Amino acid sequence: MRRIGVTGAAGRMGETVIETAGDREDVTVVFAVDDTDTETVADKPVHDPEDIGALLATHEPDAIVDFSVPEATVAFADACAAAAVPLVTGTTGFEDGQLDSLTRASEDVAVLKAANFARGIQALLSTVRAAAEALPGYDVELTETHHNDKQDAPSGTAKTLLDALAEERDDFEEVYGREGIDPREDGEVGVHVRRAGDVRGEHELMFAGNDEVLTLTHRAEDRGVFAAGALDAAVWLAGRDPGFYTFGDVIEG
Ligand code: NAD
């Protein structure tokens with residue numbers, strides 16, 4: 001049984017992580033942290049973020065699972081590095097300097113960051129690399145859809161998909177939406193962002209050319225899929241050497 005702390009606990013994902021952990025036998029939540037007036041989440045008392053150092057020292061968790069906001073994640077990573085507690089984070093929208101902070105923390109402790117903890121996205125990443133290799137010169141357009149309260153755009157997953165594409169195509173230019181007289185140029189990859197309702201997360205890559213179209217779509221239908229992946233990552237990360245890990249490392253074993 002791995003003992004985890006959850007940060008961003010009162011958010012959509014944090015609450016789902018705590019509920020999902022409650023249904024599993026390999027993890028238990030030993031504390032919850034959020035910057036909120038909410039006193040409990042799924043029967044767990046919610047602690048103030050300023051108490052993170054004391055909580056880590058008192059409970060000595062095997063890992064932290066974080067779904068919060070970038071500036072908070074950076075502070076939690078520093079606290080985890082000081083306390084030698086591994087950190088799993090699914091938070092997205094980091095600036096470059098904030099990513100540098102996570103990288104520095106990973107010199108002292110195991111840090112695993114993933115923009116998407118759905119296993120289907122890992123399969124999609126492999127498929128995108130294969131499609132890009134098999135279909136040189138085909139036009140590529142990416143569309144992502146999320147709920148109407150999502151803060152960052154495009155999604156972290158969209159950026160990860162573009163990174164996978166870039167492994168096979170090194171010279172494309174990302175174009176964010178089109179308006180007016182704006183025809184497509186060779187070498188562009190259109191990126192389109194939709195925000196509506198309570199959509200959990202949908203990503204579609206279209207490869208079009210030569211009188212044929214290949215469309216690759218992933219749709220998360222419940223936040224539980226992300227929570228399950230993040231908890232799998234926490235179980236996997238506990239006890240690992242310092243370093244920067246990805247969800248792909250978990251899937252590959
Ligand atoms: P949310 O807004 O519902 O929850 C974020 C929580 O963080 C809130 O409860 C907020 O009070 C809390 N918070 C803000 N500042 C804090 C601080 N200083 N200390 C502690 N808690 C603080 O958002 P969400 O939908 O749960 O998503 C959270 C993050 O996870 C986003 O970046 C989102 O893009 C990402 N996400 C990742 C995945 C994935 O699989 N990796 C899946 C879904 C969402």
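In this predicted model, the side chain of T92 places a polar atom 2.6 Å from an oxygen atom of the ligand. K150 offers a similar handle, with a polar side-chain atom 2.8 Å from a ligand oxygen. The backbone takes part as well: a polar backbone atom of R12 lies 2.9 Å from an oxygen atom of the ligand. Of the 850 Å² of accessible area that the ligand has on its own, the protein covers 80%.

Turning to the wider surroundings, the ligand sits in the largest pocket. A shell of 23 residues surrounds it, and M13, D34, T92, F117 and K150 are the closest of these. Sorted by class, the shell comprises eleven nonpolar, seven polar and five charged residues. Helices contribute to this shell too: α1, spanning 12-22, and α3, spanning 70-83, each supply at least two of its residues.

One of the closest shell residues, F117, also leads to the aromatic contacts. Three aromatic pairs are present in the structure. For F67 and F117, the ring centres are 6.0 Å apart and the planes meet at 70 degrees, so this pair is edge-to-face; the cut-off for that label is an angle over 60 degrees. F67 belongs to the loop between β5 (63-66) and α3, while F117 belongs to the loop between β7 (110-113) and α5 (119-134), so the pair ties together parts that are 50 residues apart in sequence. F117 thus appears twice in this account, as one of the residues closest to the ligand and as a partner of F67 in an edge-to-face pair.

Methods:
Residues numbered from 1 in each chain as written. Heavy atoms only, no water. Near = heavy atom within 4 Å. Polar contact = N/O pair within 3.5 Å; in protein donor to acceptor, adjacent residues only side chain to side chain. Areas by Shrake-Rupley, 256 points an atom, 1.4 Å probe, with all protein chains shown as cover. 1 Å grid on protein atoms, 1.4 Å probe; cavity = no way out; pocket = protein on both sides within 12 Å on 5 of 7 lines; lining within 4 Å. Sits in = over half its atoms within 2 Å of the grid points. Helix = DSSP H or I, 4+ residues; strand = E, 2+ residues; numbered from the N terminus. Nonpolar A, V, L, I, M, F, W, Y, C, P; charged D, E, K, R; others polar. Phe/Tyr/Trp six-rings, centres within 6.5 Å; stacked < 30°, edge-to-face > 60°.
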